[in-house]
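Reader: I am new to reading structures, and I would like to learn how the words used for them follow from the values. Could we go through one together?

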Amino acid sequence: MTAPTLEIHLSEEQMTEALRTDARVGLTASPKWLPPKWFYDARGSELFEQITELPEYYPTRTERELLRASAAEIAAVSAPQILVELGSGSSDKTRLLLDAMTAHGTLEQYVPQDVSPAALGSAIEALSRDYPELQVHGVVSDFTDTLHNLPTGGRRMIAFLGGTLGNLVPAERAEFLASIAAVLETGEQLLVGVGLVIDPAILVPAYDDAAGVTAEFNRNVLHVLNNRLSANFEPDRFSHVAYWDADNEWIEMRLEATADMTVHVGDLGLTVAFGTGEQLRTEISAKFTLDGIGRELAAAGFDVEQTWTDADERFALICAGRR
Ligand code: SAH
Ligand code: TRP
């Protein structure tokens, strides 16, 4: 077995510096907001794994079944030598692709990329144990910055699963998809998993579960601010809100102040006031129609080659080729 390697493009100090900027901008804006990547410290990544097992959170289960049904076909048609995955987290579902691609005999290298060193570190250890023939090379970076060191020397596929594309707003999405297209050669592929627009009665509970795990995950961003920037948020005094914005077709995650509060962010020398009921936006999770995502991919330079959806049309897995 070859030992896995880990490449760090985002040091702890660079992350803290980036969080300083985001917190200064977001906490002084009106309404207040924070970018979603700050959920994912070690505890946040662990809470996300718990979310994927909740009865209400259908996306992970559904996407896993789509991968199970399609992996052999994807491996046969695309036959990549290098699989790069953005926002890979635990890489758990990805094992279905790794199994099919190693069985097909083409895959040589897997490059998971994530902003969470904790999630990535444990993923690459487990993967190189279980796939001894595969070169596993992890990259800690922010996928909205640059797609660092995209490996060359073989046919590549970039996977972007879990509906994470929907965590970007439309303008960010267009830029992001175009930047992926820019690093691929004609004929190489992007495999993207997205949540579809469905009945809010099913959608909203997926982001507001009965056990309160998603609420704890949402509040984790306040713990991250406390730990990294010496802030003094009292996370328990914020309640979790999941709001379906029907016009934009996205779920919006917010944290609502349950009392008037004054919070100090030590590292920034910044004092922030919250009024009772004031909401801080922490994430959007956009849902798509097949036509809509097809148009976005086409505009970025991709041709949709194949689409898999579940019987209830809750989630789609799309394989698109660089034009
Ligand atoms: N792909 C996994 C995890 C999805 S959760 C799955 O389908 O289950 C979103 C993942 O994206 C997390 O692991 C998080 O750490 C990562 N992430 C979020 N924003 C990111 C960013 N800007 N750059 C890199 N990774 C990011
Ligand atoms: N990519 C996931 C999604 O949009 C992330 C996620 C799931 C999430 N549940 C959440 C983010 C709750 C914030 C809060 O489905």
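Author: Let us begin with a single residue of this predicted model: tyrosine 40 has a relative accessibility of 24% and is called partly exposed.

Reader: Why is tyrosine 40 called partly exposed?

Author: Buried means under 20% and exposed means over 50%, with partly exposed in between, so tyrosine 40, at 24%, counts as partly exposed. Phenylalanine 39 has a relative accessibility of 2%, and because buried means under 20%, this residue counts as buried.

Reader: What makes the rings of phenylalanine 39 and tyrosine 40 an edge-to-face pair?

Author: A pair of aromatic rings is described by the distance of the centres and the angle of the planes. Rings pair if their centres lie within 6.5 Å, and planes over 60 degrees apart count as edge-to-face. The centres of phenylalanine 39 and tyrosine 40 are 6.1 Å apart and their planes stand at 90°, so the pair is edge-to-face. The whole structure holds 13 aromatic pairs, and ring pairs join Phe39 and Tyr40 with Phe48, Tyr57, Tyr207 and Phe217 in a cluster.

Reader: How do you know that phenylalanine 233 and phenylalanine 274 are edge-to-face?

Author: The same two tests apply: with 6.0 Å from centre to centre and 65° between the planes, the pair of phenylalanine 233 and phenylalanine 274 meets the limits of within 6.5 Å and over 60 degrees, and is therefore edge-to-face. Phenylalanine 233 sits in the loop between helix H8 (213-229) and strand S8 (238-245), whereas phenylalanine 274 belongs to strand S11 (residues 270-274), so the pair ties together parts that are 41 residues apart in sequence. With 4% relative accessible area phenylalanine 233 is buried, and phenylalanine 274, at 2%, counts as buried as well.

Reader: What makes serine 91 and glutamate 313 worth a remark about phi?

Author: Most residues other than glycine have a negative phi, and most peptide bonds are trans. Serine 91, which is not a glycine, has a positive phi of about 60°, and glutamate 313 has a positive phi near 55°. Serine 91 lies in the loop between strand S3 (82-86) and helix H4 (94-104) and is buried at 1% relative accessible area. Glutamate 313 lies in the loop between strand S13 (302-309) and strand S14 (315-322), and its 44% makes it partly exposed. As for the peptide bond, the one joining serine 30 and proline 31 is cis, with omega about -5°, and proline 31 is in the loop between helix H1 (12-27) and strand S2 (32-33).

Reader: How do you know that ligand 1 lies between domain 1 and domain 2?

Author: Domain 1 (26-52 + 201-286) and domain 2 (56-199 + 287-322) both give residues to the shell around ligand 1, so the ligand lies between them. That shell has 18 residues, among which Gly87, Lys93, Asp114, Asp142 and Phe143 come nearest, and it divides into five nonpolar, eight polar and five charged residues.

Reader: What makes the approach of lysine 93 to ligand 1 a polar contact?

Author: A polar contact is a pair of N or O atoms within 3.5 Å, and an N or O atom in the side chain of lysine 93 is 2.5 Å from an oxygen atom of ligand 1, so this pair qualifies. A backbone N or O atom of glycine 87 lies 2.8 Å from a nitrogen atom of ligand 1, and a polar backbone atom of phenylalanine 143 is 2.9 Å from a nitrogen atom of the ligand. Of the 570 Å² of accessible area that ligand 1 has on its own, the protein covers 93%.

Key. Residues numbered from 1 in each chain as written. Chains lettered and ligands numbered in written order. Predicted model: local features only at pLDDT ≥ 70, side-chain atom pairs only at ≥ 80, totals over all residues. Heavy atoms only, no water. Near = heavy atom within 4 Å. Polar contact = N/O pair within 3.5 Å; in protein donor to acceptor, adjacent residues only side chain to side chain. Areas by Shrake-Rupley, 256 points an atom, 1.4 Å probe, with all protein chains shown as cover. Nonpolar A, V, L, I, M, F, W, Y, C, P; charged D, E, K, R; others polar. Domains from an automatic or database assignment. Phe/Tyr/Trp six-rings, centres within 6.5 Å; stacked < 30°, edge-to-face > 60°. Buried < 20%, exposed > 50% of the residue type's maximum accessible area, 1.4 Å probe, protein only. Helix = DSSP H or I, 4+ residues; strand = E, 2+ residues; numbered from the N terminus.
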